[in-house]
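Work through the exercises below with the sequence and the model side by side. Try each task before reading its solution.

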Amino acid sequence: MADKKFRYNVRDHAAEYWERSPKWRRVCLSISFIAFFYALPFLNNPLINTPGSDFQSVLFYPVGMYVLMAIGLNIVVGKSGLLDLGYVAFFAIGAYTMAILGTHTGLNFWEILPIGIALAMFSGALLGTPTLRLRGDYLAIVTLGFGEIVRIVAVNIEAIGGPRGIAGIPTPPDFFNAKFTILDPKPYYWVLLTFTLLIVWMVRRMAARRPGRAWDAIRQDDDVAQLMGVNTLKYKVWAFVLGAAVAGAGGVLYASQILSIVPDQFNLNVSILILACVVFGGIGNLWGVILGATLLAFTPERIRFLSQPRILVFGIALVVMMNLRPDGILPKKKREHFDPNWHTVEESGEGEIK
Amino acid sequence: MRLEIKDLHVHYGKIEAIKGISVTVNEGEIVTLIGANGAGKTTMLKTISGLRPVSSGQIIFNGEDISKMPAHKRADLGLSQAPEGRGIFIGMSVLENLEMGKYNRKNRKAEMNEDLEKVFHLFPRLKERISQVGGTLSGGEQQMLAIGRALMARPKVLLLDEPSMGLAPLMIANIFNIITEINKTGTTILLVEQNAQQALQRAHRAYVLEVGHVVKEAKASDLLNDPAVRAAYLGTGAH
């Protein structure tokens with residue numbers, strides 16, 4: 001019992017501190033938090049630098065990119081409880097949109113971005129509308145298939161390069177003083193961070209409002225949610241489409257940085273790893289998911305000096321972590337909404353039958 | 001007539017669970033469906049609320065055929081169900097569960113306090129538990145919450161699926177008293193029960209279901225004295 005209390009302390013105390021902080025302190029905290037992340041590429045700390053790979057590149061891909069996609073997948077898996085094993089498909093659609101339009105038309109990154117997001121959302125709706133009537137395992141299998149179909153289609157269409165993919169994708173145009181070049185990952189990282197902050201803001205707002213409540217209800221009991229008048233199919237498709245939009249945006253940005261893409265970059269492993277980020281961090285809890293993705297993406301780079309055995313070490317670390325904290329690093333609160341009476345409620349709940 | 005079910009057939013795969021049942025529920029009535037396990041009682045309610053598709057037949061609610069309508073739209077029309085096994089949201093607090101009951105009401109915010117008061121008047125226990133999480137409630141409290149949540153939608157017809165299931169005798173009597181009280185304030189109720197004794201005492205009319213058929217339909221008080229019903233469902237016929 002004492003152990004259990006200790007376990008949840010960090011998250012709950014942080015949440016409590018936040019709830020009880022006056023507005024000015026929240027603003028200050030948020031600003032310094034955000035500033036820290038914008039300044040992160042300049043940080044040169046031996047604890048977090050990555051021997052064997054460029055720290056600033058690592059921040060963009062995999063770390064930033066995985067955080068972004070884990071947040072997107074968390075809308076689908078964590079908020080509404082739909083197991084999506086083909087999430088990489090939307091990432092691929094975004095990346096291919098950037099690659100095809102970037103090499104064949106005069107459109108630049110900023111013009112292609114909304115098109116890529118729209119296409120990813122459209123394919124999300126296209127996949128979701130018929131398949132979200134399925135439940136649990138069936139949905140997982142269909143989405144798994146979809147992820148592979150997108151990759152295999154890309155391999156087999158010669159017009160988009162087939163297995164060789166597409167090279168020579170243009171970088172985004174200069175943005176004020178920031179120059180987007182292959183040599184400098186910092187501007188990409190800042191753009192990615194901005195995307196991520198926007199999405200965090202959006203997800204937090206939605207979670208606190210009617211869509212969030214509907215997703216909660218659907219995750220807990222789909223049938224009963226329908227009985228309450230929740231159009232469950234609509235909200236599930238929306239969760240899917242929003243998740244797809246996030247991955248699509250990530251894909252467009254990724255393609256513009258990496259300059260050339262091949263279909264095999266978008267294989268099943270990516271879907272599974274992003275799902276692992278969500279589960280590892282704490283399914284359904286935004287901050288947990290962000291932390292989980294950061295650790296899962298960063299650790300293999302940090303221990304790159306181990307060369308070959310690093311994947312083994314990484315695997316062992318994963319297994320140990322999931323045994324120590326089976327609900328993830330920062331699991332979602334058992335109570336889903338903060339309630340100032342929470343502690344007293346818990347106490348009165350224990351001596352319940354009198 | 002509030003609710004009329006005409007020659008309803010429902011299948012689970014190839015198995016026919018409901019084999020042509022007709023039921024009518026009039027304004028202001030409590031109508032009960034009684035029967036043993038597997039008679040198709042719960043399937044009837046699930047079909048009426050839209051969770052199971054209709055194979056053939058009609059469900060007419062306020063003069064409108066709703067048999068093809070999705071469940072969430074039926075809820076908006078005023079069909080409200082307290083599901084079997086106290087299907088509450090175990091991760092939400094009592095208050096959040098009750099709020100879910102109003103999910104689609106147009107004047108949600110304006111009605112909220114008034115309806116919460118009504119529910120808390122019927123179930124004072126829920127008020128004490130207002131911020132407690134659904135999963136930590138006792139069985140009886142969960143049942144109260146399921147019924148209270150259904151009432152939040154201001155239903156025209158309240159569908160109750162086995163409200164006595166798994167409850168202690170005192171709690172059963174309590175729940176049925178409240179059901180009677182809800183009915184007296186003008187809510188029409190369709191009640192599915194295995195506890196035939198209680199159900200027949202409270203209801204106006206009753207249907208006896210056996211493996212997907214209606215085998216008897218009568219005033220509830222008549223069925224209470226019917227020797228065959230007593231033998232089969234009340235456990236007193238042999239004496």
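Contact means heavy atoms within 4.5 Å. Angles run from 0 to 180 degrees between N-to-C directions. The model is predicted.

**Exercise 1. Find the helix that lies across β1, β2 and β4 of chain B, and state its angle to β1(B).**

Solution. Start with the helix. It is α1 of chain B, residues 41–49. Next, take its direction against β1(B), residues 3–12: the angle is about 110°. Angles of 65 to 115 degrees count as roughly perpendicular, so α1(B) runs roughly perpendicular to β1(B).

**Exercise 2. Work out the strand order of the four-stranded sheet in chain B and identify its edges.**

Solution. Step one is the order: β2-β1-β4-β5, in an open sheet with antiparallel pairing. Step two is the edges. β2 (15–25) and β5 (64–65) of chain B each have a single partner strand, so one side of each lacks a neighbour in the sheet.

Step three is the pairing inside the sheet. β1(B) and β4(B) are antiparallel over five bridges. Lys6(B) has Gln58(B) in β4(B) as its bridge partner. β4(B), residues 56–61, pairs with β5(B) over two bridges, again antiparallel. Here Phe61(B) stands opposite Glu64(B), and Ile60(B) has Asp65(B) as its bridge partner.

Step four is the turn. Two residues separate β4(B) and β5(B) in a hairpin. Asn62(B), in that turn, has a positive phi of about 50°.

**Exercise 3. Describe the six-stranded sheet of chain B and the helices placed against it.**

Solution. Read the order: β6-β7-β8-β3-β9-β10. This sheet is open, and its pairing is mixed. At the edges stand β6 (79–82) and β10 (213–219) of chain B; each has a single partner strand, so one side of each is left free of a neighbour in the sheet. From one strand to the next, the twist averages 15°.

Now check one pair. β7(B), residues 157–161, and β8(B), residues 188–193, run parallel over five bridges. Val157(B) has Thr188(B) in β8(B) as its bridge partner.

Then add the helices. α6(B), residues 139–152, packs on the sheet and touches β6 and β7 of chain B. Its direction makes about 170° with that of β6(B). α10(B), residues 227–234, lies across β3 (30–35), β9 (205–210) and β10 of chain B. It runs at about 65° to β9(B).

**Exercise 4. How many helices and strands does chain A have, and what is its radius of gyration?**

Solution. Count the elements: 14 helices and zero strands. Then turn to overall size. The C-alpha atoms fill a box of roughly 75 × 50 × 45 Å along the principal axes. The radius of gyration is 21 Å. A compact globule of 354 residues would have a value near 20 Å, so chain A agrees with that expectation.

**Exercise 5. Analyse how α7(A) and α10(A) pack: give the distance, the angle and the residues in contact.**

Solution. Two packed helices are described by the angle between their axes and the distance between the axes. For α7(A), residues 186–207, and α10(A), residues 232–258, the axes come within 11 Å and cross at roughly 175°. That makes the two helices roughly antiparallel.

List the contact residues by helix:

- α7(A) contributes Tyr188(A), Val191(A), Leu192(A), Phe195(A), Ile199(A), Met202(A) and Met206(A).
- α10(A) contributes Leu242(A), Val246(A), Ala249(A), Leu253(A), Ser256(A) and Gln257(A).

Finally, sort them: eleven are nonpolar, two are polar and none is charged.

**Exercise 6. Locate a cis peptide bond and a positive phi in chain A.**

Solution. Most residues other than glycine have a negative phi, and most peptide bonds are trans. The cis bond joins Tyr61(A) and Pro62(A), with omega about 10°. Pro62(A) sits in α3(A), residues 55–79. The positive phi, near 75°, belongs to Leu259(A). Leu259(A) is in the loop between α10 and α11 (268–281) of chain A.

**Exercise 7. Where in chain A does the pLDDT fall below 50?**

Solution. Begin with the chain: the mean pLDDT is 86, and 92% of residues reach 70 or more. By element, α4(A), residues 88–104, has the highest mean at 96, and α14(A), residues 342–350, the lowest at 34. Now the stretches. Residues 1–6 stay under 50 and have zero contacts beyond four places in sequence. Residues 336–354 are also below 50, but this stretch has 23 contacts beyond near neighbours in sequence.

Methods. Residues numbered from 1 in each chain as written. Chains lettered and ligands numbered in written order. Predicted model: local features only at pLDDT ≥ 70, side-chain atom pairs only at ≥ 80, totals over all residues. Heavy atoms only, no water. pLDDT = per-residue confidence, 0-100. Pairing = 2+ DSSP bridges. Parallel < 35°, antiparallel > 145°, perpendicular 65-115°, else oblique. Nonpolar A, V, L, I, M, F, W, Y, C, P; charged D, E, K, R; others polar. Rg over C-alpha atoms; globule rule 2.2 N^0.38 Å.
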